[in-house]
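Reader: I would like a close look at a single part of this model. Please take it step by step.

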Amino acid sequence: MKRLWLILGAVFVFSFAILGYIGTEIFRQAPPIPKAVVTSDGSILIAPEQVSDGQNVWQAMGGMQVGSIWGHGSYVAPDWTADYLHRECVSS
């Protein structure tokens with residue numbers, strides 16, 4: 001019986017170690033969020049508070065539940081990265 005408890009404890013420790021590793025990798029490889037967007041001459045195009053306001057609007061509208069630019073919602077909605085890049089190329 002003691003052996004089974006040791007095996008169960010080892011499985012828990014191993015499982016949480018894997019979860020911790022994957023969590024740190026997700027945090028480390030997250031896409032960068034700019035503090036501000038500036039033009040090539042150094043003038044501010046989008047201020048830092050506008051970046052955070054945009055994130056809040058996206059979250060308030062439930063945007064992360066219908067897909068995402070980075071593909072994290074691909075199980076429930078299409079990835080919009082290719083569409084966004086296409087629209088940027090066409091509009092230029």
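Is F12 buried, partly exposed or exposed, and what is its relative accessible area?

Author: This is a predicted model, and the answer is read from its computed values. F12 has a relative accessible area of 46%. Buried means under 20% and exposed means over 50%, so F12 counts as partly exposed.

The residue can now be placed in the chain. There are 3 helices and 2 strands, which follow one another along the sequence as α-β-β-α-α. F12 lies in helix 1, and so does F16, 4 residues apart from it, or about one turn of the helix. Helix 1 itself covers residues 2-28.

The rings of these two residues form an aromatic pair. The count for such pairs comes to 1. In this pair, F12 and F16 are stacked, with 6.4 Å from centre to centre and 15° between the planes. The partner, F16, has a relative accessible area of 55%; the cut-off for exposed is over 50%, and F16 is therefore exposed.

Both residues also belong to a nonpolar patch on the surface. Its members are M1, L4, W5, I7, L8, V11, F12, F16 and L19, and together they have about 1,000 Å² of accessible area. V11, another member of the patch, has its place in helix 1 as well. At 45% relative accessibility, V11 is partly exposed.

Last, the setting of the patch. The chain has 92 residues, and 11% of them are buried. The chain exposes about 8,100 Å², of which carbon and sulfur atoms supply 69%.

Note on methods. Residues are numbered from 1 along each chain as its sequence is written. This is a predicted model: local features need pLDDT of at least 70, side-chain atom pairs count only at pLDDT 80 or more; totals for chains, interfaces and linings use all residues. Side-chain values use heavy atoms; hydrogens and water are left out. Buried means under 20% relative accessible area, exposed over 50%, partly exposed in between (1.4 Å probe, protein chains only). Accessible areas come from the Shrake-Rupley method with a 1.4 Å probe; for residues, only the protein chains shown count as cover. Patches are made of residues with over 30% relative accessible area and no salt bridge: like charges are joined within 9 Å, nonpolar side chains (Val, Leu, Ile, Met, Phe, Trp, Tyr) within 5 Å. A salt bridge is a side-chain nitrogen of Lys or Arg within 4 Å of a carboxyl oxygen of Asp or Glu. Rings of Phe, Tyr and Trp (its six-membered ring) pair if their centres lie within 6.5 Å; planes under 30 degrees apart count as stacked, over 60 as edge-to-face and the rest as tilted.
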